[in-house]
2 protein chains.
Amino acid sequence: MEPRSGCPISAAVEVLGDRWSLLVLRDVVFADRRYFRALLTGSSEGIATNILADRLVRLVEAGILTRGTAARGQRARYSLTEAGIRTVPVLCALGDWGLDWRPDSTELRARHELLRDGGPAFVEELMDELRVHHLDAPPKPRDGPSPLERLRAADQP
Amino acid sequence: MEPRSGCPISAAVEVLGDRWSLLVLRDVVFADRRYFRALLTGSSEGIATNILADRLVRLVEAGILTRGTAARGQRARYSLTEAGIRTVPVLCALGDWGLDWRPDSTELRARHELLRDGGPAFVEELMDELRVHHLDAPPKPRDGPSPLERLRAADQP
């Protein structure tokens, strides 16, 4: 895909300036949905099959996701690339904005408040955890629950 | 516009998950384009007239821009609301990602490097300057050039 201008924001929105691509990324990152069916049935926004298929192809072509090779009869698993993991600050900035300016968004608020209160250090730790799950990076020693475990615990009623 | 889920990221991408809306916001914020014609003719991505008109209506409806009342024969000026000014961290996160992962984006790199190197403090100062221009906030005393002046100077060859 040829960028339409040389501006870094423009280059980023060529890939990330799309509602469904951002929601797919959100579900891969925060809900660890790695398979087509999990992304389809888990989507609280009700993504359509053809839109999900299209956005997964686009995200792979843009170097944000990789699609694992699946044996016959097996399902392909998607993984974040390093470029994909580095979209987390964009997702967090969007979540921050939603927290402040869309106060009716009542689900998962505790999770996003934890993310925001954790600041850049928490985001770095979360990206390290994603590198372990998606890029087979060696886990770093840690006391207590991981960032994703803490985010999930925040949403428990 | 009814949000399709209660998630703050989802609520944000209902408005901001659109390429052209983000590029219009970028031009209002960083290039101080406040009029329809300036946004149309200044767009380095070549936005179409009907798309610009549509996105301006959407951004006003979403509470991100306000449209000034124009006297007969005069053009209406757009202003950022506080919610609009608070999208700057999202634009900066996108620019950061573009700097790292779309290295072919050669225009305006110096500007985005300055933005990134300045960190959250520079972003706060920039949002304060936007509040002066768009919301008639009283200017704060400052030594030397303003954030927008420094960004513009960064791009001079």
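The following exercises, each with a worked solution, concern a predicted model.

Local features of this predicted model need pLDDT of at least 70, side-chain atom pairs count only at pLDDT 80 or more, and totals for chains, interfaces and linings use all residues. Residues are numbered from 1 along each chain as its sequence is written, while chains are lettered from A and ligands numbered from 1 in the order in which they are written.

**Exercise 1. Describe the fold of chain A.**

Step 1. Chain A has 8 helices and 2 strands; helices (H or I, at least four residues) and strands (E, at least two) are DSSP runs, numbered from the N terminus. Their order along the sequence is α-α-α-α-β-β-α-α-α-α.

Step 2. Chain A has a radius of gyration of 16 Å, close to the 15 Å that the globule rule gives for 157 residues, so chain A is as compact as a globular protein of that length. The radius is taken over C-alpha atoms, and the rule is 2.2 Å times the number of residues to the power 0.38.

Step 3. Of the 157 residues in chain A, 37% are buried. A residue is buried if 20 or more other C-beta atoms lie within 10 Å of its own, exposed if 12 or fewer, and partly exposed in between, with C-beta atoms placed from the backbone.

**Exercise 2. Determine how helix 2 and helix 4 of chain A pack.**

Step 1. The two helices pack at an angle of about 80°, with their axes 10 Å apart. Axes are lines fitted to C-alpha atoms, for helices over the stretch in contact, and angles run from 0 to 180 degrees between N-to-C directions.

Step 2. Helix 2 of chain A is therefore roughly perpendicular to helix 4 of chain A, a term for angles of 65 to 115 degrees (under 35 is roughly parallel, over 145 roughly antiparallel, the rest oblique).

Step 3. Helix 2 of chain A contributes A:W20, A:S21 and A:V24, and helix 4 of chain A contributes A:I51, A:L52, A:R55, A:L56, A:R58 and A:L59. Contact requires that the C-beta atoms of two residues, placed from the backbone, lie within 7 Å.

Step 4. By class, this contact has 6 nonpolar, 1 polar and 2 charged residues. Ala, Val, Leu, Ile, Met, Phe, Trp, Tyr, Cys and Pro count as nonpolar, Asp, Glu, Lys and Arg as charged, and the others, Gly among them, as polar.

**Exercise 3. Analyse the contact between chain A and chain B.**

Step 1. Chain A and chain B each give 44 residues to the contact. Helix 6 of chain A gives the most to the side of chain A that touches chain B, with 12 residues. By class, that side has 20 nonpolar, 12 polar and 12 charged residues.

Step 2. A turn of 180° and a shift of 0.0 Å along the axis lay chain A on chain B with an RMSD of 0.0 Å, which is the relation of a two-fold axis. Superposition is by least squares on the C-alpha atoms of residues with pLDDT of at least 70 in both copies.

Step 3. In helix 1 (residues 8-16) of chain B, 9 of the 9 residues are buried, so this helix is largely enclosed by the rest of the structure. Its buried residues pack against helix 2, helix 6 and helix 7 of chain A together with helix 2 and helix 6 of chain B.

**Exercise 4. Characterise A:D32 and A:D136.**

Step 1. A:D32 has a positive phi of about 50° although it is not a glycine. A:D32 is in the loop between helix 2 and helix 3 of chain A and is partly exposed, with 14 other C-beta atoms within 10 Å.

Step 2. A:D136, also not a glycine, has a positive phi of about 55°. A:D136 lies in the loop between helix 7 and helix 8 of chain A and counts as exposed, with 8 C-beta neighbours inside 10 Å.
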